[in-house]
Amino acid sequence: KNMKERAVYLVKVVGSMVLMMSIYDFLLRTIPSSVPSPQSPIAAAIPPVVFKIFMGTALMLPVFVAKKDAVWPYTIAYIVPVLVWYGANRGIFWSIIWLVFGGVPLIEFIAGEDKENPTPEEEAKLLKKDSFRMVTMGWVPLQFVFLLWGMWAAVNWDLSLTDFLLLSISVGFPTGVLGINISHELIHKPTFEEKHLGKALLSMVCYGHWYTEHLWGHHKEVSTPHDPATAKLGETFYSFWPRSVIGSFKSAWEIEKQRAAKKGYPLWSLQNDTVQMGVTSLALAVFALTVFGVKALILFMIQSVTAFSLLEIVNYIEHYGLSRKSYVKDGKVGYEPVNPLHSWNADTRITNFLLFKLQRHSDHHAFAGRRYQILRTFEESPQMPTGYAGMITLALFPPLWFWVMNDRVRKNEEKLANSSERKEWEKNWKAYQ
């Protein structure tokens with residue numbers, strides 16, 4: 001708001017970047033690495049110090065200078081594949097793992113929050129800018145090229161088993177952090193090109209059934225016992241993962257079965273979206289095997305598991321312990337409509353850019369078709385203590401996760417049970433609608 005506050009904020013942001021880079025340098029000196037051959041001449045020509053300055057600046061600028069109507073801050077998500085490529089060419093196959101689970105959570109604590117919502121006039125202006133769509137749609141061909149590079153590297157570099165596994169996992173971070181997140185944005189949109197580009201991204205990580213389950217299963221059943229993607233209070237991520245992965249496939253197949261019976265086409269046909277994308281994933285696997293070899297196929301499978309595991313850990317934190325109010329009508333159990341009290345949210349500025357405002361998850365569930373640039377934050381929504389990056393890291397350690405989150409869940413339940421507070425909130429909610 002004034003120069004003094006801006007100066008303090010800049011010192012905090014720069015300080016967080018210096019801390020992050022210092023830890024990164026310590027890891028570089030501690031963890032042995034060897035440069036693969038043949039190394040990219042472009043990566044070889046960029047000194048590590050220059051690349052670190054580039055990375056720091058790219059992460060810092062959006063959280064400090066971005067305006068509400070600016071599209072360029074969302075391009076920082078593209079840092080993820082760049083870091084994987086550069087790190088791998090330098091023999092640092094763990095660099096992206098450090099950034100996602102260490103670097104970004106550190107910055108989240110210091111870089112501040114964004115609690116501003118666009119006005120109706122600003123929303124109309126933002127929706128007219130096609131550049132917001134280009135940022136998401138543009139990733140689809142780049143992801144395919146990135147996968148080709150990963151397959152090539154797996155076959156042509158003489159890697160140890162550890163480095164090969166780290167490379168394969170690292171390739172899954174861009175296809176998960178960008179790929180599945182962007183596919184989530186695209187499949188919710190009404191245009192032909194966006195829906196099919198979203199489906200293409202899911203096919204590249206062998207998780208095509210999620211298209212059907214998410215749109216017609218999760219959004220209908222979220223925060224109820226019927227939703228495999230809603231984590232229960234006291235459930236660890238490690239027990240949630242198989243329940244959600246298997247349960248979401250079963251849910252998708254049941255939805256496809258009902259749709260096929262209703263529309264009169266064979267269940268095992270390309271009209272079945274789950275079959276259609278499964279065939280596409282199989283074709284990609286065959287392509288990897290025949291064009292590059294066995295190592296490329298293994299990399300393709302490992303990056304797929306990595307990518308959809310990142311999706312599942314996000315599913316885990318988004319609705320952990322939250323439940324919709326149930327009622328009985330005509331002998332059948334029903335649930336109140338989805339509203340912003342049924343998703344965990346975060347306002348951390350940097351992760352909102354990295355994840356295309358996925359953290360404003362309540363607004364997404366209440367209005368699934370809203371584009372990312374106009375998603376809103378609600379004061380009444382359950383709030384996480386830090387951004388999704390920090391909470392993902394926390395979820396990997398169940399005792400810490402329960403210590404931080406279980407009390408928040410109980411307080412949210414008390415808030416829901418307070419009839420006068422709830423009535424006041426429902427009154428305000430009608431104004432949002």
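Is asparagine 352 buried or exposed? Select asparagine 352 and take a look: with a relative accessibility of 2%, it counts as buried, because the cut-off for that word is under 20%. Keep in mind throughout the tour that this is a predicted model.

**Stop 1: around asparagine 352**

Asparagine 352 sits in helix α15. Now select its contacts, leaving out residues up to four places away in sequence: Tyr74, Ala346, Asp347, Lys357, Gln359 and Arg360. For a sense of scale, select phenylalanine 26 too. Asparagine 352 and phenylalanine 26 are 326 residues apart in sequence, and their C-alpha atoms are 28 Å apart in space.

**Stop 2: glutamine 359**

One of the contacts of asparagine 352 was Gln359, so let us go there next. You will find glutamine 359 in the loop between α15 (349-354) and α16 (361-366). Its relative accessible area is 0%, which means that glutamine 359 is buried.

What does the side chain of glutamine 359 join in a polar contact? Show the side chain of threonine 348: the two side chains are linked by a polar contact of 3.2 Å. Then widen the selection. Setting aside neighbours within four places in sequence, glutamine 359 is in contact with Glu108, Trp344, Asn345, Ala346, Thr348, Thr351, Asn352, Gly387 and Tyr388.

**Stop 3: lysine 357**

Stay in the loop between α15 and α16 and select lysine 357. Here the backbone deserves your attention. Most residues other than glycine have a negative phi. Lysine 357 has a positive phi, near 60°. Lysine 357 also counts as buried, because its relative accessibility is 8%.

**Stop 4: threonine 377**

Move along to the loop between α16 and α17, where you can select threonine 377. At 7% relative accessibility, threonine 377 counts as buried. Show its side chain together with that of aspartate 347, and you will see a polar contact of 2.9 Å between them. Beyond residues up to four places away in sequence, threonine 377 touches Lys115, Asn117, Asp347, Arg360 and Gln383. You have met Asp347 and Arg360 before, as contacts of asparagine 352.

**Stop 5: helices α14 and α17**

Time for some helix pairs. Two packed helices are described by the angle between their axes and the distance between the axes.

Select residues 294-318 for α14 and residues 388-395 for α17. Their axes come within 10 Å and cross at roughly 95°, which means that α14 is roughly perpendicular to α17. Show the side chains where they meet: Ile313, Val314, Tyr316, Ile317 and Glu318 from α14, with Tyr388, Met391, Ile392 and Ala395 from α17. Sorted by class, this contact has 8 nonpolar residues, no polar ones and 1 charged. Tyr388 may look familiar, as glutamine 359 is in contact with it.

**Stop 6: helices α8 and α13**

Next, select residues 139-156 for α8 and residues 273-292 for α13. At what angle do the axes of α8 and α13 cross? The answer is roughly 40°, with the axes coming within 11 Å, and so α8 is oblique to α13. The crossing is right-handed. On the α8 side, the contact is made by Phe144, Leu148, Met151, Trp152 and Val155, and on the α13 side by Leu284, Phe287, Ala288 and Phe292. Colour these residues by class and you will find 9 nonpolar, no polar and no charged.

**Stop 7: helices α10 and α11**

Select residues 192-203 for α10 and residues 209-221 for α11. These two pack at an angle of about 125°, with their axes 8 Å apart, so α10 is oblique to α11. Lys195, Lys199 and Leu202 in α10 meet Trp210, Tyr211 and Leu215 in α11. This contact is made up of 4 nonpolar, no polar and 2 charged residues.

**Stop 8: two backbone details**

From α11, carry on into the loop between α11 and α12 (237-263) and select serine 223. Serine 223 has a positive phi of about 60°, although it is not a glycine. With a relative accessible area of 2%, serine 223 is buried.

Finally, select serine 37 and proline 38. Most peptide bonds are trans. The bond joining serine 37 and proline 38 is cis, with an omega of about 5°. Proline 38 lies in the loop between α1 (3-30) and α2 (41-45), and that is where the tour ends.

Terms used:
Residues are numbered from 1 along each chain as its sequence is written. This is a predicted model: local features need pLDDT of at least 70, side-chain atom pairs count only at pLDDT 80 or more; totals for chains, interfaces and linings use all residues. Side-chain values use heavy atoms; hydrogens and water are left out. Axes are lines fitted to C-alpha atoms, for helices over the stretch in contact, and angles run from 0 to 180 degrees between N-to-C directions. Helices (H or I, at least four residues) and strands (E, at least two) are DSSP runs, numbered from the N terminus. Angles under 35 degrees count as roughly parallel, over 145 as roughly antiparallel, 65 to 115 as roughly perpendicular and the rest as oblique. A crossing is left-handed if the near helix is turned anticlockwise from the far one by less than a right angle, and right-handed if clockwise. Contact means heavy atoms within 4.5 Å. Ala, Val, Leu, Ile, Met, Phe, Trp, Tyr, Cys and Pro count as nonpolar, Asp, Glu, Lys and Arg as charged, and the others, Gly among them, as polar. Buried means under 20% relative accessible area, exposed over 50%, partly exposed in between (1.4 Å probe, protein chains only). A polar contact is a pair of N or O atoms within 3.5 Å; within protein, one must be able to donate a hydrogen and the other to accept it, and residues adjacent in sequence count only if both atoms are side-chain atoms.
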